Amino acid sequence: MLYHVAKFASTPLVHAMCRPHISGAAHVPRTGPAILAANHLSVLDSFLLPALLPRHVTFTAKNEYFSGNPVSGFFMRLGRSLPIDRESAHAAQAMLDEAAALLERGELFGIHPEGTRSPDGRLYRGKIGVAWLALRTGAPVLPVALSGTEKVMPFGAKVPRPAPIGIAIGAPLRFTGDHTKAQDRRRVTDEIMAAIQKLSGQEYVPKYAASVKAENGMS
């Protein structure tokens, strides 16, 4: 109940601040499971997308979003986001198991395959968790391209600022393969990233964003 009240109150504010342009919303199923695989430009991405879609979307979010800032922590918990410790393989698998259960209940799950925000606006190599989920559950994957969200909340900013954003949602993708096989997981992940890149028009970098951040002393 609290989630729906907060969404009812916050959505008009999001529209006023961000003047969102949304295309492809009809691809989001009215019922049943789907994985929304989105590029990642801003800390607000996993809040803005659920706020602007009619169905509830559960996103994954790093632990720091829950503990580092009381405001972001409140909204992460309100939206039932799944916390993840990005340094722990065991924690990552536990999160994926929970997401799989959520999809098997017919819900929507959102994930940023890059694993972290882009350091420079380019699209980086995807991590294979999204493919594990798609192959394990059979849920369709909707590629999502966000744009302009990095202007609403740039790196280092404490308060959002008005700026137009775009959300493009692609047609559902279905994949075959074995979720236990690394080759299948890599293939599917690369196909998902290619679909996101086609929607976003971003330059693709075949490296992990986290590695680039580490090389440049970014968090």
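Start by selecting glycine 138: this residue follows helix 6, and its phi is positive, near 80 degrees. Keep in mind as you click around that this is a predicted model.

**Stop 1: back up into helix 6**

Now select residues 129-137, which make up helix 6. Is this helix enclosed or open? Of its 9 residues, 7 are buried, so helix 6 is largely enclosed by the rest of the structure. To colour the buried ones, pick Gly129, Val130, Ala131, Trp132, Leu133, Ala134 and Leu135.

What do those buried residues pack against? Show strand 2, helix 5 (89-104), strand 5, strand 7 (141-147) and helix 8 (182-200), and you have the elements they pack against. We'll drop in on several of these next.

**Stop 2: strand 5 and its partner**

Select residues 108-111 for strand 5. Both of its faces are covered. Leu108 and Gly110 are buried on one side, and Phe109 and Ile111 are buried on the other.

Add residues 34-38, which are strand 2. Strands 2 and 5 run parallel, with 4 bridges joining them. For a landmark in this pairing, put alanine 34 and leucine 108 on screen: they stand opposite each other.

**Stop 3: across to strands 7 and 8**

Stay on strand 2 and bring strand 7 into view. These two also run parallel, and 4 bridges join them. Leucine 36 is a handy marker here, standing opposite leucine 142 in strand 7.

How many residues of strand 7 are buried? The count is 6 of the 7, so strand 7 is largely enclosed by the rest of the structure.

Next, add strand 8. Strands 7 and 8 run antiparallel, again with 4 bridges between them. To see how they line up, select valine 144, which stands opposite isoleucine 169 in strand 8.

**Stop 4: the nonpolar cores**

Switch on side chains for Leu36, Leu49, Leu53, Val144, Ile167 and Ile169. Within the largest nonpolar core, which has 26 residues, these are the ones that touch the most other members. Which elements give two or more residues to this core? They are helix 1 (2-18), strand 2, helix 2 (45-52), strand 3 (57-62), strand 7 and strand 8 (166-169). Helix 2 gives the most, with 4 residues.

Zoom in on leucine 53. Setting aside neighbours within four places in sequence, leucine 53 is in contact with Lys7, Val28, Leu36 and Ile169. Another core, of 25 residues, lies apart from the largest one; select Ala99, Val130, Val188 and Ile192, which are among its members.

**Stop 5: isoleucine 22**

Go to strand 1, residues 21-23, and click on isoleucine 22. Its relative accessibility is 30%, so isoleucine 22 counts as partly exposed. What does isoleucine 22 touch, not counting residues up to four places away in sequence? Its contacts are Leu52 and Ile167. Try the distance tool on isoleucine 22 and isoleucine 167: their C-alpha atoms are separated by 4.8 Å, although the two residues are 145 apart along the chain.

**Stop 6: charged pairs**

Side chains of opposite charge can pair when their charged atoms come close. The structure holds 8 salt bridges, and a few make good stops.

Select aspartate 190 and arginine 186, whose side chains meet in a salt bridge at 3.0 Å, N to O. Both lie in helix 8, 4 residues apart, about one turn of the helix. Residues three or four places apart in an α-helix point the same way, because there are 3.6 residues a turn. Are the two partners buried or partly exposed? Aspartate 190, at 32% relative accessibility, counts as partly exposed, whereas arginine 186, at 16%, counts as buried because the cut-off is under 20%.

Now jump to arginine 122 and aspartate 120. They form a salt bridge whose closest N and O atoms are 3.0 Å apart. Arginine 122 is partly exposed at 28% relative accessibility, and aspartate 120 is partly exposed at 41%. Add Glu203 to the selection: Asp120, Arg122 and Glu203 are linked in a network of salt bridges.

Finish with lysine 207 and glutamate 215. In this salt bridge the closest N and O atoms are 3.6 Å apart. Lysine 207 counts as partly exposed at 38% relative accessibility, while glutamate 215 is exposed, with a relative accessible area of 56%.

Note on methods. Residues are numbered from 1 along each chain as its sequence is written. This is a predicted model: local features need pLDDT of at least 70, side-chain atom pairs count only at pLDDT 80 or more; totals for chains, interfaces and linings use all residues. Side-chain values use heavy atoms; hydrogens and water are left out. Buried means under 20% relative accessible area, exposed over 50%, partly exposed in between (1.4 Å probe, protein chains only). Two strands pair if DSSP finds at least two bridges between them. Contact means heavy atoms within 4.5 Å. A nonpolar core is a set of buried Ala, Val, Leu, Ile, Met, Phe, Trp, Tyr and Cys residues joined through side-chain atoms within 4.5 Å. A salt bridge is a side-chain nitrogen of Lys or Arg within 4 Å of a carboxyl oxygen of Asp or Glu.
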